[in-house]
Amino acid sequence: MSANADAVGLPMEALETPALCLDLDTYERNVERMVEYIVRRNGLGWRPHMKGQKAAPLALKAIAAGALGVTCATLYEAEAMAEAGVNSILIANQVVGEKKLARLARLVRRTPGVIAATDSLAHVRLVQDAAVTAGVEIGLLIEVNVGMNRCGIAPGEATVELAREITAAPGLRLDGLMGWEGHVLAFDDATKQTKIGEAMKALTSTAEACREAGIEIKIVSSSGSGTFRMAAPTEGITEVQAGGGVFSDLNYAKWGLDHDFALTILTRVVSRPTETRVVVDGGFKTMSVQHGLPQPLGLEVKGVLLSAEHGSLELSTPSRQPAVGDLVEFVPGYTDSTVCLHDEMCALRGGKLEAVWTIPGRTGHR
Ligand SMILES: Cc1ncc(COP(=O)(O)O)c(C=O)c1O
């Protein structure tokens, strides 16, 4: 049951709290900045990552604004995007397990523009079996380890060898390479630029090595919201995966992104035990603490403490405002880990509720 669907057309004050709110004007400005830089200025494809955005209408909006498709972290996210009408979807992750691989094959049959990542021959064989069993062709990107040391095969000859195996495998199609330079986010600008340069070189020179070996590489996909401004001008990249920048948050700002904050959490004051303490109806089950605490807008605070369903603020100066029942809006520390705490997102324009969107795939599978 939706908490706020009955408030469409009404002002923000009418919302039941806590509520995850998106300011559409700010979001659209952020999208336009990403399209302008990635697509128009650098001539690349934009395939925004939906792992933190989740709501399918946001994928359709980005595509209408100039994105070529989307990136997803999970099979379920990809299924939800396809269901909403998105035709081009990269699952930037290794899909494993018999049931999931059968689902991937079904998804590809229904939406042939779904492609997925792989980084080992063992995994390639599993995807191959699923494709052959279902009688479909599954397109793959090889995930190259560009320094993050999470998933990814080593750049250079190891990738070329895997590329050869994929091109020879029944039921599979090699579409290209991907690499995510997530290890550089927290560095100062100069170090970050150097490390991005190294990471992009590892990726693009591996693409070249594949081509020299006679293997076609159409897609070379990389980069996130905290890196795309430095990475996009790299020769040889064809697509950018940056997604969360459409919202921005305190964490992205720390990582150097200068977009406006489009996503907030709306809460109400439930208690004013002292002249400096304000307690709201949103705690850590509403606002993530991963990568930093949320901050209230328009209030000077000495501290924010989150328990399960209470957010406790210590005002810098004693005040009777805000009073019990008043609204307090927070900017999340990290939008990605906050969105998945909510069942729905309230989309507002000019302070009025325009739509309420379901957030699918919160847990990774359903
Ligand atoms: C594979 C991949 N690409 C790109 C990104 C960047 O996503 P965002 O721009 O939403 O921070 C991530 C983030 O974790 C990722 O895992």
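These legends accompany several close-up views of a predicted model.

**View 1. The two domains and their contact.**
Let's begin with the overall layout: the domain assignment splits the chain into domain 1 (5–21 + 258–358) and domain 2 (24–251). Their C-alpha centres are 33 Å apart. Domain 1 brings 26 residues to the contact, and domain 2 brings 26 residues as well.

**View 2. The largest nonpolar core.**
This core has 97 residues, and those that touch the most other members are L22, W46, L104, I138 and M345. Domain 1 (5–21 + 258–358) and domain 2 (24–251) both contribute residues, so the core lies between them. Apart from this core there is another one, made of nine residues, including M12, L15, A19 and C21. As general background, nonpolar side chains in soluble globular proteins tend to be buried together.

**View 3. Helix α4 and its surroundings.**
Does the geometry of this helix add up? Helix α4 (residues 98–110) has 13 residues, and at 1.5 Å a residue it should span 18 Å; the C-alpha atoms at its ends are 19 Å apart, which agrees. Its buried residues are L101, R103, L104, A105, L107 and V108. They pack against two helices, α3 (75–83) and α5 (121–134), and against the strands β4 (89–91), β5 (114–118) and β6 (138–143).

**View 4. A closer look at I138.**
I138 is one of the residues with the most contacts to other members of the largest nonpolar core. Leaving out residues up to four places away in sequence, I138 touches L104, A105 and V108, along with V127, A131, G171, L172 and R173. Among these partners, L104, A105 and V108 are buried residues of α4.

**View 5. The cavity.**
Searching the whole structure turns up one cavity of 30 Å³ or more. The volume of the largest cavity is about 50 Å³. Which residues line the largest cavity? The lining consists of E143, V144, N145, V146, M148, N149, R150, C151 and W180.

**View 6. T286 in its loop.**
Here we zoom in on T286, which sits in the loop between β11 (277–280) and β12 (295–296). Is T286 buried or exposed? The relative accessibility of T286 is 3%, so this residue counts as buried, the cut-off being under 20%. Setting aside neighbours within four places in sequence, T286 is in contact with P18, I265, E309, T338, L341 and H342.

Key. Residues numbered from 1 in each chain as written. Predicted model: local features only at pLDDT ≥ 70, side-chain atom pairs only at ≥ 80, totals over all residues. Heavy atoms only, no water. Helix = DSSP H or I, 4+ residues; strand = E, 2+ residues; numbered from the N terminus. Expected span 1.5 Å × (residues − 1). Buried < 20%, exposed > 50% of the residue type's maximum accessible area, 1.4 Å probe, protein only. Contact = heavy atoms within 4.5 Å. Core = buried A, V, L, I, M, F, W, Y, C linked by side-chain atoms within 4.5 Å. Domains from an automatic or database assignment. 1 Å grid on protein atoms, 1.4 Å probe; cavity = no way out; pocket = protein on both sides within 12 Å on 5 of 7 lines; lining within 4 Å. Points joined across faces, edges and corners; volume = space filled by probe spheres on them.
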